[in-house]
Every structure is written in C-alpha cells, then in structure tokens.
Amino acid sequence: MNAIVPSLLQVEGVGHAFGGVHVLSSVSFNVPHGGLIGLIGPNGSGKTTLFNIICGFVHPLTGRVLFDNRALDRSSNVVQRSRHGLLRTFQTPKVFEHLSVLENVMAGLYKCSRGGVLASMLRMPLARREMLRMQELAEATCNVFGLGSMMQRPAGSLTAGARRNVELARAVVSEPRLLMLDEPSSGLAKEEVGQLREQLARINQSGLAILLVSHDMDLMSMVDRVHVLSSGEIIASGTMAEMHRNPEVQQVYLGL
C-alpha cells in the first residue's frame with residue numbers, strides 16, 4: 001500500500017472574477033511535497049490567473065491557498081511567499097540583460113542574504129564573507145545548469161534556451177520548496193526542450209516540488225498527475241494517459 005504524501009500546496013475552492021466576469025470557480029487541488037503536478041487547459045481557461053493567485057499577485061474572491069499548512073492571506077505578498085520557498089517563472093524568461101549570467105544567478109540569493117544592504121555599502125567583513133559565499137554557490141549552480149562557460153557573458157546575449165537555464169538556476173539557487181513554471185518551453189527549439197526536460201527531471205528528483213503549466217505534451221508526459229482547467233473549472237484530474245482517453249478533455253483541450 002502506497003504511503004500518502006502530505007500536501008505542500010493546497011488550493012481550496014478558489015474563485016475569482018474581473019469586472020463581473022468569472023474566470024475561476026471553486027478550483028481545488030493539491031501539490032504534494034516533492035511532487036510534479038501539471039495544469040493544462042485551453043487559452044483563457046484561467047491558468048495564469050490561478051498562478052497569480054497562488055503567487056500573491058492577485059487575491060482570490062473566494063476560497064483560500066495554503067502553503068505548508070499555512071493560509072496565504074492578503075497580508076502575504078509575492079516577496080514574502082518567495083522567502084517561504086514559493087517561486088514562479090514566466091512564459092518569457094526574465095533576466096537582467098546587461099548583467100552577467102553569474103550576477104543574474106546571484107540575484108536569486110539576495111532575498112536570503114544575511115549581510116544586509118547597509119553592511120554591503122560599508123563593506124563590512126560580514127558582508128564581504130556573505131558575498132563570497134553567494135558567489136561560490138552561484139558558480140556551483142551555474143555549472144549544474146550547464147552555464148559554467150557563460151558565467152561572465154551578458155545574459156541578454158544568450159539563446160532562449162540558455163536564458164531559461166539562467167532563470168531556473170536563479171530560482172533553484174535560493175532553495176525553494178515549490179517551483180511554479182508557466183510555459184517554460186515557450187520559444188525553445190526541439191533540442192532545447194529536451195534539455196529542459198532533463199533539467200526539470202533532475203530538479204524534481206532532488207526533492208523540489210514543481211507545478212507545471214505547458215502546452216508541450218513532451219514536458220507534460222513527466223508529471224505525476226495533471227488537472228485540466230476549462231472555463232475556470234477543473235473538469236478532470238488524473239494521469240496524462242487517462243486524460244488522453246477522457247472524451248471531455250479531448251473535446252475542450254485536444255480539439256477532438
């Protein structure tokens with residue numbers, strides 16, 4: 001008998017509307033510790049709004065979100081949630097184009113830096129030691145993500161695939177507990193998608209939970225479980241194999 005894995009993220013009855021138009025209605029699902037969960041649905045189904053609610057960009061009108069059994073209310077903003085280990089990426093990789101790859105990855109560590117801004121300005125010993133520690137950790141993370149030879153290059157000069165790796169490295173270096181990925185294969189070549197798949201598998205195997213939104217069926221084949229969103233409601237949940245056999249999913253998502 002399989003042991004029940006406790007939930008890291010719980011979405012309970014979440015609903016939202018813009019200008020009186022309902023975009024989410026009673027959405028509920030869980031992401032277990034270390035799980036790899038998929039979320040699919042046609043354009044306009046409410047996936048982005050749901051992501052924004054979980055991250056704290058938007059607050060739900062109904063329902064609630066819990067992270068590690070702690071309710072994320074209106075006083076919990078994006079920065080606070082990221083400090084608790086809930087991070088997301090966007091469809092277009094967000095990098096600081098004029099900074100080096102290494103500096104981009106180091107940026108992921110600043111929110112957990114112990115030195116402080118004032119100490120850094122005064123170049124105090126604690127700040128110098130902290131900066132050295134951050135640089136060493138960022139360099140090691142760059143090597144893990146295949147960015148070792150690019151660390152001194154401006155991030156804006158990289159390919160889309162390399163930029164995505166920079167974004168992933170910057171997220172992972174801060175040791176999050178849940179990584180939310182919004183269409184991570186967007187704009188990538190087929191070979192780059194394969195490399196991304198390997199990176200995500202490695203990240204997940206290390207124990208990091210992932211919530212994945214993607215139209216790429218190769219990526220979605222990795223997930224443990226997938227939830228199908230249509231017109232703001234979850235219409236089906238299960239394995240990807242089960243979703244391919246589900247007539248309602250075939251109609252609203254696969255176009256069959």
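This passage walks through two sheets and the helix that packs on them in a predicted model.

Start with the sheet built from six strands. It is open, its pairing is mixed, and reading across it gives the order β6-β7-β8-β3-β9-β10. At the edges stand β6 (86-88) and β10 (233-238); each has a single partner strand, so one side of each is left without a neighbour in the sheet. Going from one strand to the next, the twist averages 20°.

Within this sheet, β7 and β8 make a handy pair to look at. Strand β7 covers residues 178-182 and strand β8 covers residues 209-213, and the two pair in the parallel sense over five bridges. As a landmark, M180 stands opposite L211 in β8. Helix α1 (residues 47-55) packs on this sheet, where it touches β3 (36-40), β6, β7, β8 and β9 (225-230). The direction of α1 makes about 155° with that of β7.

Now for the sheet of four strands. This one is open too, with the order β2-β1-β4-β5, and here the pairing is antiparallel. Its edge strands are β2 (21-32) and β5 (70-71), each of which pairs on one side only. Strand β1 (residues 7-18) runs antiparallel to β2, and eight bridges join them. One spot to find by eye is L9, whose bridge partner in β2 is V31.

Helix α1 turns up again here: it packs on the four-stranded sheet, touching β1, β2 and β4 (62-67). Its direction makes about 120° with that of β1. Helix α1 thus has contacts with β7 and β8 in one sheet and with β1 and β2 in the other.

Notes: Residues numbered from 1 in each chain as written. Predicted model: local features only at pLDDT ≥ 70, side-chain atom pairs only at ≥ 80, totals over all residues. Heavy atoms only, no water. Pairing = 2+ DSSP bridges. Axes fitted to C-alpha atoms, helices over the stretch in contact; angles between N-to-C directions. Contact = heavy atoms within 4.5 Å.
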